[in-house]
Amino acid sequence: MTLRKAIPALALIALQSQAATPAAPPLDLRIQYYSKAITPEGVTREVRYEETMLRRPGHVWVTRVLPPQAATTHAADHDHSVHKHFNPVLLPRHVQLAGDKTQLEYIDTKNKEVIAVPQGEYGNVDFDGSWTNAYYLFDPKIVQTMPFLQRPSTVPGARWRELVRNGSFRRVLWDEQRQIPLVIESGDQAATVFHRMEVQAEPKLATSLPWQQLKGYSQRDYGDFLD
Amino acid sequence: MKHTLIAAALALGFANVANAAGEAKNIIFFLGDGMGPSTITASRIYKYGEDGSLNMDKLERTARVKTYSYDAQTTDSAPSMAAYMTGVKMANEVISMSSETVATSPSKDVNGNLGVNNCAAGNGTAAATILELAKAKGKAVGSITTTELTHATPAATYSHICNRNAQYAIAAQAVPGGAGYNTALGDGVDVLMGGGRNHFTPYNATTNKAGRADGRDLLAELAAKGYTVAGTKAEMTAAPNGKKFIGLYSSKSHLEYELDRTATPPVGEGATQPSLAEMTVKAMDLLSQNANGYFLMVEGGRIDHALHGTNAKRALTDTIAFDDAIKAALDKAKLTDPTLANTLIIVTADHDHTLAFNGYGKRGNPILDINRDYKTGQPSKDADGNTYTTLVFGNGPNRPNLRTNVDSTTALGDNYLQETGVRLSSETHGGGDVKLFATGAGAKTFKGTIDNTKVFTLLKSAFGF
């Protein structure tokens, strides 16, 4: 389970609050994920990766930051087969809010294709279907239910909160003004598992939005990649 | 006296041979796409418990089937189904063609869809299918599925093409009198059902982006040829006997998984889609109007798709829906043919997957749950002290960067993806043998470990062709 998946799963346990969600501004983000586990055999395993994220009203666009050597491989190599190679991790993920419905698609820039994922297949691409989780990275209503933590924050308007239950914890440094977690930490109190997600907002917003650059792209469906 | 006994024995022997051939007036061929032995066992436990039986388990005759294709140890659905339908081994991605046919991918049309068929005229020759042979003998024929109607398995019954992905060309092969029609279908397949209207209807930049670039409305053409055209369960139910029928129950892509079709509220277009059992019974109603008998192929096609995603829950629920369709067919057939003296029912799969049944779990432990020790009932642990599920896959997308405990609630969730050994973006098929079950007229010839091409020979023999 990735950290991105682990945190909302834990968060769902928390009680829902009645607090209204403040308006959330557009943001360009850089997100670093880190996980560490220590096994009973004395092995420490660590994982790091990064993503960038654009959020605008009705749109979230997430891209994995890839190392330079990854440019020689491709997520959907249609030169060899049109239905067997589809790795959603490597393709930009575009989540849209259309009315009250969340829509998910992946963008294959090499082949100029938009690959729509129907709701029934969300699980197969590690998407929980929640617009709130996609846009805010953590449900603001759940944040409001978490007790404050006496841990200093260097960011004005951001405060730590923590919830501990059954030997597990999750802590959030929540930026009230920008409606985004700056840090999420979770794990067990025995210190065998630890996850950390760190979010940095870019100083300026991008003016060229990738979902507006898809003219001429053909439409594919997740099912096209199943044999 | 001795001569008399020998003569009697010989006569009996000849009678047995004669009975083995040509017994079946009707054949229903059930194909669970990707439904390997472990999937069958897991589905049985999921629905009926360890000591229970699926409907397919109750069929009297069994065999194991080798599934390798002309060029691969592990087949895809195109050559494996085509081997059943034609008796010919062909290369992966090829649909009902001669062995030397080279799979050539289609290319994009002006709208970016795979509408340009690149199969050259000299690239192989068509291999006759059991559906075509049945049609030529005056029987009614049908092909129904939970996938797109143009997907590999149903396509292998009624079309011939060098690449399974040329779905717009495959659709055209089903339209009597139209450009690209497969004339071996005579006056047309009598019953067609599945999903994917987009392959049959014209491109529209707003409403049908995955539509046909040639502007043809194949459904209108089929209607002009006397077909009833249905888009929903209600329209299917209302369709009259005595006419050919095509039912496409999704605007594009496949029908919903059974778990989603029956959800509250149903997912996607599930609210208007029939179950596979309902489709099967309707198809039998329509086809049985022909006094010469019928051939019907029924595919549970989305078992395979859920397995590719390593989503065992959807795979098992689709397997149960497939098994329910078998029960519905048996009940329906026995209304007019109580001993199945005239009807052969075959159930098999086209290939395996990499689903594995894992650990020493306790009897009664939910099959989708974390594994619990058969002696203590406590969660089983891996070498790092973490829990794990009973069902896992050899490869697929969910190989965690860091393995941690799997909790029971998560494992039992609709969207839980079983963990995998080798990390691949999509789980692959498996190359192991699959099961075959048979009952009714001619069923006794299905036995032993046989090649998938032999199934075609036995079907033909059962029909007396």
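In this predicted model, the residues of chain B have an average pLDDT of 94, and 96% of them score at least 70. One stretch of chain B departs from this picture, since pLDDT stays under 50 over residues 4–19, and for these residues the model has zero contacts beyond four places in sequence. For chain A the average pLDDT is 85, with 84% of the residues scoring at least 70. In chain A, pLDDT stays under 50 over residues 5–21, although the model has 35 contacts beyond four places in sequence for that stretch. Over residues 76–83 of chain A the pLDDT is likewise below 50, and here the model has 24 contacts beyond near neighbours in sequence. For the complex, the predictor gives an ipTM of 0.71 and a pTM of 0.87.

The fold of chain A comprises three helices and 11 strands, and the elements, read from the N terminus on, follow the order α-β-β-β-β-β-β-α-α-β-β-β-β-β. Of the 227 residues in this chain, 50% count as buried. Among the contacts of chain A with a separation of 6 or more, 58% are accounted for by residues that are 24 or more positions apart.

Three residues of chain A illustrate different settings within the chain. A:Leu54 has its place in strand β2, which covers residues 44–56 of chain A, and with a relative accessibility of 15% this residue counts as buried, because buried means under 20%. The C-alpha atoms of A:Leu54 and A:Asp28 are separated by 4.6 Å, although the two residues are 26 residues apart along the chain. When residues up to four places away in sequence are not counted, A:Leu54 touches A:Leu27, A:Asp28, A:His59, A:Val60, A:Trp61, A:Pro210 and A:Trp211. A:Phe148, by contrast, is found in the loop between α3 (140–144) and β7 (158–165) of chain A, and its relative accessible area of 41% makes this residue partly exposed. Leaving aside neighbours within four places in sequence, A:Phe148 is in contact with A:Arg159, A:Trp160 and A:Arg161, while A:Leu163, 15 residues away in sequence, has its C-alpha 8.8 Å from that of A:Phe148. A:Leu137 lies in the loop between α2 (131–136) and α3 of chain A, and this residue is buried, with a relative accessible area of 12%.

The backbone of A:Leu137 also deserves attention, as its phi is near 70 degrees, a positive value in a residue other than glycine. Most residues other than glycine have a negative phi, and most peptide bonds are trans. In chain B, B:Leu340 likewise has a positive phi, of about 55 degrees, although this residue is not a glycine. B:Leu340 is placed in the loop between α12 and β8 (343–349) of chain B and is buried, with a relative accessible area of 4%. A further backbone feature concerns the peptide bond from B:Thr264 to B:Pro265, which is cis, with omega near -10 degrees. B:Pro265 is found in the loop between α9 (258–261) and α10 of chain B.

Helix α10 itself covers residues 276–287 of chain B, and its 12 residues reach 16 Å from the first C-alpha to the last, close to the 16 Å expected at 1.5 Å a residue. This helix is mostly covered, with nine of its 12 residues buried, among them B:Leu276, B:Met279, B:Lys282 and B:Leu286. Helix α14 (residues 452–463) of chain B also has 12 residues, and reaches 18 Å from its first C-alpha to its last, which is close to the expected 16 Å. The buried residues of α14(B) include B:Val455, B:Phe456, B:Leu459 and B:Phe463. An α-helix has 3.6 residues a turn, so residues three or four places apart point the same way. After α14(B) comes B:Gly464, whose phi is positive, near 80 degrees.

Two further helices of chain B, α2 (residues 37–48) and α12 (residues 312–336), have axes that come within 9 Å and cross at roughly 80 degrees. The two helices are therefore roughly perpendicular to each other. On the side of α2(B) the contact is made by B:Thr39, B:Ala42, B:Ser43, B:Tyr46, B:Lys47 and B:Tyr48, and on the side of α12(B) by B:Lys313, B:Leu316, B:Thr317, B:Thr319, B:Ile320, B:Asp323 and B:Asp324. Sorted by class, this contact has five nonpolar, four polar and four charged residues.

How values were computed:
Residues are numbered from 1 along each chain as its sequence is written. Chains are lettered from A and ligands numbered from 1 in the order in which they are written. This is a predicted model: local features need pLDDT of at least 70, side-chain atom pairs count only at pLDDT 80 or more; totals for chains, interfaces and linings use all residues. Side-chain values use heavy atoms; hydrogens and water are left out. Helices (H or I, at least four residues) and strands (E, at least two) are DSSP runs, numbered from the N terminus. Buried means under 20% relative accessible area, exposed over 50%, partly exposed in between (1.4 Å probe, protein chains only). Contact means heavy atoms within 4.5 Å. Axes are lines fitted to C-alpha atoms, for helices over the stretch in contact, and angles run from 0 to 180 degrees between N-to-C directions. Angles under 35 degrees count as roughly parallel, over 145 as roughly antiparallel, 65 to 115 as roughly perpendicular and the rest as oblique. Ala, Val, Leu, Ile, Met, Phe, Trp, Tyr, Cys and Pro count as nonpolar, Asp, Glu, Lys and Arg as charged, and the others, Gly among them, as polar. pLDDT is the predictor's confidence in each residue, from 0 to 100. The expected span of a helix is 1.5 Å times one less than its number of residues.
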